[in-house]
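Visitor: Could you take me through a single part of this one, up close? I'd like to hear how it sits in its chain and what surrounds it.

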Amino acid sequence: MTFILAVLATITLAGGAVAAESAPTPDCDVPERLISTETELTRVNKEITDRHRLDITVVGSRSSALSGPDGARFAYPAQLEIALKERLPGNEIKVTAHVPSGQTTADMAAGLPKIMSEDHPALVIWQAGTVDALRGVEPDDFRNSLDQGLDAIAAAAADVIMMNMQYSPRTESMLGVAPFADVMRWVAEQRSVVLFDRLAIMHHWSDEGTFDLYAATTGYAMARRVHECIGRALASQIINAAHLEDAKTQTTR
Amino acid sequence: MVMVSPPQSVTSERDLRLDLFRGLALWLIFLDHIPDNVVSWLTIRNYGFSDATEIFIFISGFTAAFVYGRTMRERGFVLASARILRRAWQIYVAHIFLFTIFMAEIAYVAATFDNPLYAEEMKILDFLKQPDITIFQALLLKFKPVNMDVLPLYIVLLLLFPPMLFLLVRRPNVALGGSAVVYALAWRLDWNLPAYPNGVWFFNPFAWQLLFVFGAWCALGGARRLAGVLRSRAILAIAIAYLLFAFFITLTWHVEGLDRFVPGWLTEWMYPIDKTNLDVLRFAHFLALAAVTVYFVPRDWPVLKSPILWPAIVCGQHSLEVFCLGVFLAFAGQFVIAESSGGPLLQTGISVLGIIVMIAAANLVSWYKAIEGRSPVSRVKSPDADLAGGEA
């Protein structure tokens with residue numbers, strides 16, 4: 001019994017300490033460490049400094065889109081465009097999204113050469129992993145597909161940001177995304193590619209009480225707000241990684 | 001102690017260290033199976049390459065060989081095989097029971113949870129639309145929900161165990177060598193069992209059998225042969241050095257900026273550390289952990305009989321029941337956390353409560369088995385190998 005009590009006391013103390021740290025904040029600020037990267041987006045920097053324009057292509061699956069009325073306007077690709085226009089005034093910013101539902105990473109990797117030759121983006125945001133986890137793709141195959149797609153992007157001399165899965169606490173026990181997130185982290189490290197760690201960022205929002213990601217709501221309000229915040233966080237990461245001068249440094253909501 | 005050592009036992013007294021560490025492993029597996037559990041920071045997977053699964057599989061191989069090896073020597077191959085297969089059947093039934101509980105939970109989530117943010121993720125529930133296929137695939141052990149991979153691995157290991165044990169009893173080193181060859185071939189030729197809807201088993205039985213067979217080999221005299229090696233200070237130093245190295249590497253996963261101290265060639269060579277195929281680094285980490293443990297925790301360590309360690313020991317002695325209960329409690333705990341939107345305090349409470357329930361259940365089983373064992377009808381004690389041997 002004393003043993004149980006000791007364990008109980010230790011665990012409660014540890015839990016209490018963590019609880020005390022996380023006071024809820026109403027805003028969706030993302031701590032620097034979650035979007036910092038050592039890789040520089042050189043092509044993006046060049047486009048903005050030399051041509052004052054930036055063409056971004058988002059390649060992904062359905063978690064890069066929103067359903068409902070005017071879904072595309074509220075989804076993070078459009079929100080990213082808004083945020084970048086706000087923060088890089090005087091530059092022409094265009095974000096194009098290729099996000100049909102149900103695409104695996106292998107499908108996207110196969111489609112990337114065509115997208116690159118049509119869009120000529122300076123930056124590709126590649127959201128991957130969720131459909132692969134759904135379909136139970138082998139992590140090894142997943143890694144090969146990522147490599148193949150990254151090669152296609154590199155061949156077109158574009159910069160790239162990989163984006164991993166959403167944090168989805170309700171489906172966590174059924175949908176194991178962790179092995180796929182690990183592969184993406186590893187590939188990002190190996191190839192010095194920027195990773196937008198959507199999983200960690202949304203997890204942070206959940207811990208901070210920014211969003212109640214457990215909520216069973218059929219309304220679009222929260223989903224739109226989350227996408228807006230993702231768009232803004234992405235804009236911050238792009239501006240940081242491309243070492244660009246920010247018009248309004250403090251607005252990293 | 002509730003366990004009464006069988007009077008007809010000719011072998012030495014039960015090694016309580018096995019029960020202790022298997023009990024601890026069961027607790028750790030439970031804690032790790034609750035997603036985002038703050039308490040799971042205590043578990044060993046955060047401090048090295050291997051985790052509780054390795055401990056568990058090794059000890060189960062050890063106890064299986066201990067129990068069924070004796071049966072095989074005393075009563076012959078046929079009876080020992082029959083007992084092993086009966087055990088595999090019991091575990092299969094337990095697995096299907098857990099699967100039913102899992103189905104109930106996700107059917108509930110599918111019916112109540114809806115959020116446009118997760119339109120894509122909710123597709124995981126689509127299999128509920130084709131129960132004809134899903135349930136059939138589950139019965140074939142091809143469809144396995146997250147965290148329900150360990151029991152199917154066991155079932156396969158036990159199904160293949162009779163011939164392996166036959167060899168282990170006669171030619172232990174040949175058996176161990178054969179197991180290592182299968183492990184190497186599985187790596188080389190990508191052997192694994194298919195899963196549904198696609199992919200392969202999360203725990204590759206062709207790779208993980210090595211740990212199980214190694215445990216069995218140790219039980220059948222290997223441990224005694226290794227005793228000299230395990231007492232050597234040089235081995236101890238190597239083991240500790242490797243554990244420290246693994247600790248540092250795991251630290252770089254959790255602490256920002258530390259990874260710049262890991263040289264590129266090492267990263268290149270080391271990653272990914274593959275759990276599915278029991279990476280050599282994981283296996284070595286387990287060996288180092290075991291070597292250090294055996295060095296510092298002798299078999300006759302008096303603390304093993306003290307009440308402080310008894311809760312873990314009693315759990316380790318009834319591992320099938322406690323394991324299944326742990327999987328169920330992890331489901332239930334996660335459900336409660338989701339329904340009340342989480343929080344570290346709740347996670348801590350559920351973790352502690354879960355372990356208390358596991359201890360209580362283990363005691364109940366222990367009490368029941370003791371009562372049954374004393375009744376005159378069941379005087380003939382059948383060795384009940386818990387999970388894969390344990391009541392030895």
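Guide: Let's look at helix α11 of chain A, the interface it belongs to, and then a strand residue elsewhere in the chain. This is a predicted model, where local features need pLDDT of at least 70 and side-chain atom pairs count only at pLDDT 80 or more, while totals for chains, interfaces and linings use all residues. Residues are numbered from 1 along each chain as its sequence is written, with chains lettered from A and ligands numbered from 1 in the order in which they are written.

α11(A) runs over 221-241; helices here are DSSP runs of H or I with at least four residues, strands are E runs of at least two, and both are numbered from the N terminus. Its 21 residues should span 30 Å at 1.5 Å a residue, and the end C-alpha atoms are indeed 30 Å apart, which agrees (the expected span is 1.5 Å times one less than the number of residues). The helix is mostly covered, with 17 of its 21 residues buried, where buried means 20 or more other C-beta atoms within 10 Å of the residue's own, C-beta atoms being placed from the backbone. Just past α11(A), His243(A) takes a positive phi of about 50 degrees.

Now the interface: 44 residues of chain A are in contact with 43 of chain B, contact meaning C-beta atoms, placed from the backbone, within 7 Å. On the chain A side, α1 (2-21), α7 (130-135) and α11 each supply at least two residues, and α1(A) gives the largest share, 9 residues.

As for the strand residue, Ile93(A) lies in β2 (residues 92-98). Ile93(A) and Met222(A) are 129 residues apart in sequence and 26 Å apart in space, C-alpha to C-alpha.

Terms used:
Contact = placed C-beta atoms within 7 Å. Buried ≥ 20, exposed ≤ 12 C-beta atoms within 10 Å, placed from the backbone.
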